[in-house]
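Let's take a walk through a protein model, from its overall layout to a few residues inside. Keep the picture open as you read.

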Amino acid sequence: MVIHLLFFHFFDSSSVDIPMTLTSKENGSHFYLGILLFVAFLVLAFVRTSNNKAIISLGVLFLTATNVDQRLKETMRLSSFSSIGLLLNYFLVSFVCNMLLFESIGLFSAVTNLLLSLLIPVSLFVIQFIPIYVFLFISGTNFPIVSFSANTLIGLQLNGLIYTLIALVWILNPQWSFALMMLFTVLLFLFAVARIIKNSYLVLTEGVAWYYIILYFCTLEILPLFVAVNYIRMNFLN
């Protein structure tokens, strides 16, 4: 029976329909996103070669709210190649994950997907860093600017490492798009909440008054996000 099936499979002379053109099995953009993800892995490899403590220490640093700048001196300075490389990885994989998310949703054109995927990580970075210096200028308080910036930067870098794994699984398993899209969104929210909690605790331990904290979050955290969401809704969702 087995020999008969093998003979039929390899030597059957019946006609088979051959397509006139080859069709792509997956979305063509996934090839380019795969290249970007490969570049992200190369960046992480260079970071690991440059500083073997950089990636491993991110988890510990993320769970530390105070004296982060002192701990960074022992592992990875903010201006070092390792720190810059981890931040570059964040931008690369955030772009890849955003592209995969918008392609899964299927509401926008390819150009709009590209613009939004570029705009979102850059906007989040600006919203998280620029208000810190604005708040420092307005309040004039003894504000722990280095530790505050370090907490924010470490969150982005650790976020980038997790997004790298999500992007890899997402590209290789597009059938899991919905689950990975939800995971990507939930992690984005959780990291934002963790950053707010860590920095709130940090400024409270430094003796900054409550009304300055309320002023900071209402005018420099919530307001920019509201403006960004409203801009996207008016220009891309109509």
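## Starting with one tyrosine

Let's begin with Tyr163. Its relative accessibility is 1%, so Tyr163 counts as buried, since the cut-off is under 20%. Keep in mind that you are looking at a predicted model.

## The overall layout

Now zoom out. The protein chain has nine helices and zero strands, so if you go looking for strands, you'll find none. Of its 238 residues, 41% count as buried.

How do the contacts spread along the sequence? Taking contacts between residues at least 6 apart in the protein chain, 74% of them join residues at least 24 apart. As for the outside, the chain exposes about 14300 Å², and carbon and sulfur atoms supply 73% of that.

## Aromatic pairs

Back to the rings. The model has six aromatic pairs. In one of them, the ring centres of Tyr163 and Phe184 sit 4.7 Å apart with their planes at 50 degrees; that angle is neither under 30 nor over 60, so the pair is called tilted. Tyr163 belongs to helix α7 (residues 145–172) and Phe184 to helix α8 (residues 177–205), so the pair ties together parts that are 21 residues apart in sequence. Like Tyr163, which is buried, Phe184 is buried, with a relative accessible area of 4%.

Elsewhere, Tyr90, Phe91 and Phe125 make up one aromatic cluster.

## The nonpolar cores

Which residues have the most contacts inside the largest nonpolar core? They are Leu86 and Trp170, in a core of 40 residues. Helices α2 (29–50), α3 (54–62), α4 (68–75), α5 (81–105), α7 and α8 each supply at least two residues of this core. The most comes from α5, which gives 10 residues. There is also a second, separate core of six residues, including Leu87, Leu124, Leu153 and Leu156.

Trp170 deserves a closer look. Leaving aside neighbours within four places in sequence, Trp170 is in contact with Cys97, Leu100, Leu101, Ser104, Ser177, Leu180, Met181 and Phe184. You've already met Phe184 as the ring partner of Tyr163.

## A buried asparagine

Finally, find Asn159 in helix α7. Is Asn159 buried or exposed? Its relative accessible area is 3%, so Asn159 is buried. Not counting residues up to four places away in sequence, Asn159 touches Tyr90 and Phe191. Tyr90 is the residue you saw in the aromatic cluster with Phe91 and Phe125.

Definitions and conventions
Residues are numbered from 1 along each chain as its sequence is written. This is a predicted model: local features need pLDDT of at least 70, side-chain atom pairs count only at pLDDT 80 or more; totals for chains, interfaces and linings use all residues. Side-chain values use heavy atoms; hydrogens and water are left out. Rings of Phe, Tyr and Trp (its six-membered ring) pair if their centres lie within 6.5 Å; planes under 30 degrees apart count as stacked, over 60 as edge-to-face and the rest as tilted. Helices (H or I, at least four residues) and strands (E, at least two) are DSSP runs, numbered from the N terminus. Buried means under 20% relative accessible area, exposed over 50%, partly exposed in between (1.4 Å probe, protein chains only). A nonpolar core is a set of buried Ala, Val, Leu, Ile, Met, Phe, Trp, Tyr and Cys residues joined through side-chain atoms within 4.5 Å. Contact means heavy atoms within 4.5 Å. Accessible areas come from the Shrake-Rupley method with a 1.4 Å probe; for residues, only the protein chains shown count as cover.
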